[in-house]
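Dear colleague,

I am handing over the structure shown here, together with an account of what was found in it. Please read the notes alongside the sequence and the coordinates.

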Amino acid sequence: MRLLGISGSPSRGSRTSRLIQEVLDATAQQADIETELLEVASSGAILCDGRPPEAYEGETRQVIDKVVAADAYVVGSPMYRGSYTGAFKNLFDLLPNDALTGKVVGLVATGGSDHHFLALEHQLRPLLSFFRAYTVPGTVYAQNVHFTGGEIAEETRRACRLLAEEVVRLTRAISEGQAGPAYPVIVRRPDQQKP
Ligand SMILES: Cc1cc2nc3c(=O)[nH]c(=O)nc-3n(C[C@H](O)[C@H](O)[C@H](O)COP(=O)(O)O)c2cc1C
């Protein structure tokens, strides 16, 4: 199982990336799971410009292919103005519509306070639902008080372990690609489609 972490933070030393890594590390005892963390800020992916996903090249191509090839995900973003970052959204704009179909996703977010924890439900989860992914009902949210003294609070580490368990359990239980009816096909830019 290829379990890919995706961090939408533009910051170095990102707390969001640390939490996602904590979730990935919680699977370390399972020999058949390969983990990797993709940080959108250093990924080299360009801004989505409306061309079809197959037309991107270079580092952007590699990022798209890496996401498509993964079997399951732990995705997270810092709260920026009550939502995910622009960098996080850009990655998802680059992907083919079926990149995550029927795959399992664990959701993570960080913020400066508790004010925006529900953005996990009304921002991150609907974005993943668009891709017809299965999101784990429980999520990890941490804010300033959970990172005091440079350490992640024990309650947050426990939440990360629980999220890891459920991502793995659901991935093993679900046959990839089984996600019910598809949405109508969305043509991105009719003038830029290949003939
Ligand atoms: C531009 C900007 C907007 C932010 N907006 C919010 C916000 O709306 N709600 C919140 O709780 N925190 C907000 N924050 C704080 C970050 O979400 C918080 O510091 C987060 O843990 C940073 O994560 P990172 O270290 O992974 O980048 C904002 C920070 C920045 C830089």
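Glu121 counts as partly exposed, because its relative accessibility is 34%, within the range between the 20% and 50% limits. Please bear in mind that this is a predicted model. Glu121 forms a salt bridge with Arg125, and the closest N and O atoms are 2.8 Å apart. Arg125, by contrast, is buried, with a relative accessible area of 14%. The two residues are separated by about one helical turn, because they stand 4 residues apart in helix 4 (residues 119–130).

This pair belongs to a wider set of charged contacts, as the count of salt bridges comes to 11. Another joins Asp49 to Arg51, again with the closest N and O atoms 2.8 Å apart. Asp49 is partly exposed at a relative accessible area of 37%, and Arg51 is likewise partly exposed at 22%. A further salt bridge links the side chains of Glu154 and Arg161, at 3.0 Å from N to O. Glu154 counts as partly exposed at 43% relative accessibility, as does Arg161 with a relative accessible area of 37%. Through shared partners, salt bridges connect Glu22, Glu154, Arg157 and Arg161 into one network.

Turning to the ligand, 16 residues surround it, and the closest are Ser9, Ser14, Thr16, Met79 and His116. The residues of this shell comprise 4 nonpolar, 10 polar and 2 charged. Helix 1 (15–25) and strand 4 (104–111) each contribute at least two of the shell residues. Several polar atoms of the protein approach the ligand. In the side chain of Thr110, an N or O atom is 2.9 Å from a ligand oxygen. A nitrogen atom of the ligand lies 3.0 Å from a backbone N or O atom of Gly112, and a polar backbone atom of Ser113 is 3.5 Å from an oxygen atom of the ligand. Of the 650 Å² of accessible area that the ligand has on its own, the protein covers 73%.

Two further sites complete this account. Ser77, in strand 3 (residues 72–78), is buried, with a relative accessible area of 0%. The side chain of Ser77 reaches the backbone nitrogen of Thr85 at 3.0 Å. On the surface, Phe130, Tyr183 and Ile186 make a nonpolar patch of about 290 Å². Of these, Tyr183 lies in the segment after helix 5 (154–173) and counts as partly exposed at 47% relative accessibility.

Yours sincerely

Key. Residues are numbered from 1 along each chain as its sequence is written. This is a predicted model: local features need pLDDT of at least 70, side-chain atom pairs count only at pLDDT 80 or more; totals for chains, interfaces and linings use all residues. Side-chain values use heavy atoms; hydrogens and water are left out. A residue is near a molecule or strand if one of its heavy atoms lies within 4 Å of it. A polar contact is a pair of N or O atoms within 3.5 Å; within protein, one must be able to donate a hydrogen and the other to accept it, and residues adjacent in sequence count only if both atoms are side-chain atoms. Accessible areas come from the Shrake-Rupley method with a 1.4 Å probe; for residues, only the protein chains shown count as cover. Ala, Val, Leu, Ile, Met, Phe, Trp, Tyr, Cys and Pro count as nonpolar, Asp, Glu, Lys and Arg as charged, and the others, Gly among them, as polar. Patches are made of residues with over 30% relative accessible area and no salt bridge: like charges are joined within 9 Å, nonpolar side chains (Val, Leu, Ile, Met, Phe, Trp, Tyr) within 5 Å. A salt bridge is a side-chain nitrogen of Lys or Arg within 4 Å of a carboxyl oxygen of Asp or Glu. Buried means under 20% relative accessible area, exposed over 50%, partly exposed in between (1.4 Å probe, protein chains only).
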